[in-house]
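Reader: I keep meeting labels in structure descriptions. Please show me how each one is earned.

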Amino acid sequence: MTDMTDIRAEVCLPTVDLRADLGFFGGTLGMRLDMIYLADNPSVAVYSGYGLRVRLDQSVGGAPGILRILTDDAGFAGGETLLTAPGGTRIEVHPLNAPLEMPQTDHAFVVRRLADQAPWVIGRAGMHYRDLIPSRLGGSIIASHIRIPDGGPVPDMVHFHKVGFQLIFCYRGWVDVVYEDQGPPIRLTAGDCFIQPPEIRHRVLEASEGIEVIEIGVPAEHVTEIDHEMELPTPHLRPDREWQGQRFVFNEAAKADWRPARLPGFIARDTTIAANTKDVAGVNVIRKGDGAPVWASHDADIHFTFVMEGSMTLEGEGKEPYVLSPGDAFVTPPDMQTRYSDPSDDLELLEVALPGAFATTL
């Protein structure tokens, strides 16, 4: 195998005016000139800086390139600054740690049924993804039904997400995951859930055959970054550590405390996520209880439900009723009257709400 320490890489950018670019890259950008060719009539120059090696080549055709420079300079915290080199290269200066943008929710009544044959797509680490909210409510949330068909080790790396809220709920099977400052690998089994606080480092290690999870991310579009330096598990166990005000949660179904739900006729178990995110979000599992279902509305900004077991009829004001079964999902907007009719004895629902504290009106 080739010794990679003897290899250098550089990005080649076309230029139409190398002589003018010499002053721009060396003076304006402050990069270091490492090589120039030919001495009497230069057509190629190599600069290094900002963790990058750039080759400016006047003989290369094509559209001008783009050089992105990332900085912690507070002057760029609100956006980007565009410069243009004399040779045509565009220089974009971006904040290194831009604040997370939370789009306004585009409220809608959404029903997504497994029987509708929504496509599964292959995503990160070979996982299969099924989109449970195609509209994503204007970009405010993504809800994914994820499966790994073949069991065994998962080809994952230590990574983190720049996200406002993220839930992993195990629907079928089991999966082993290791988290920063949370001790040795943890096995998530059916009915258990994690929340992954913003930017907590983690890695998926191994999964059972037929593993399925429900993953919720807020906002819908968020960045996943690889951490090449951290090794997991980390040496410290810090269960009380907070990431942007949120604590890591590992909630086990086997330890559930079932109580009357917010809706008459049902019982629920609280996963403690509302308390540990300071009401950024709340997650409950709901089952059929005693009494008849009633019409009700809520004032949550986002209210998502996934049918895990059993069946029910979802009634909504002004809507045709939907008979729902395992794998189906729905979103109800604030102030819309709904009723969960004809619940089967084995009905089990996953309910996710943002914020975690909200009012229900019967």
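Reader: Why is F25 called buried?
Author: The relative accessible area of F25 is 0%. Buried means under 20%, exposed over 50%, and partly exposed in between (1.4 Å probe, protein chains only). So F25 counts as buried.

Reader: What kind of model is this?
Author: This is a predicted model, where local features need pLDDT of at least 70 and side-chain atom pairs count only at 80 or more, while totals for chains, interfaces and linings use all residues. Residues are numbered from 1 along each chain as its sequence is written, and side-chain values use heavy atoms, with hydrogens and water left out.

Reader: Is F24 buried or exposed?
Author: F24 has a relative accessible area of 11%. That is under the 20% limit, so F24 is buried.

Reader: How many aromatic pairs does a search of the whole structure find?
Author: The search finds 10. One of them joins F24 and F25, with ring centres 5.6 Å apart and planes at 75 degrees.

Reader: What makes the F24 and F25 pair edge-to-face?
Author: Rings of Phe, Tyr and Trp (its six-membered ring) pair if their centres lie within 6.5 Å; planes under 30 degrees apart count as stacked, over 60 as edge-to-face and the rest as tilted. The centres pass at 5.6 Å and the planes at 75 degrees, so this pair is edge-to-face.

Reader: Why are F194 and F250 called tilted?
Author: Their centres are 5.4 Å apart, and their planes meet at 50 degrees. That angle is neither under 30 nor over 60, so tilted is the label. F194 lies in strand β17 (193-195) and F250 in strand β23 (249-251), so the pair ties together parts 56 residues apart in sequence. A strand is a DSSP run of E, at least two residues long, numbered from the N terminus.

Reader: What relative accessibility do F194 and F250 have?
Author: F194 is at 0%, so it counts as buried. F250 is at 28%, between the two limits, so it counts as partly exposed. Ring pairs also link both with Y179 and F248 into a cluster.

Reader: How do you know that R172 sits over the ring of Y171?
Author: The rule asks for NZ of Lys or CZ of Arg within 6 Å of the ring centre and within 35 degrees of the ring normal. The charged end of R172 is 4.2 Å from the centre of the Y171 ring. R187 lies over the face of W174, at 3.5 Å from the ring centre.

Reader: Which residues does I146 touch?
Author: Contact means heavy atoms within 4.5 Å. Leaving out residues up to four places away in sequence, the contacts of I146 include W120, Y129 and I211. I146 and I211 are 65 residues apart along the chain, yet their C-alpha atoms are separated by 8.2 Å. I146 belongs to strand β11 (142-148). At 3% relative accessibility, I146 counts as buried.

Reader: What about V331, buried or exposed?
Author: V331 is at 2%, so it counts as buried. V331 is in strand β31 (329-331). Its contacts, again beyond four places in sequence, include F109, I133 and F304.

Notes: Helices (H or I, at least four residues) and strands (E, at least two) are DSSP runs, numbered from the N terminus.
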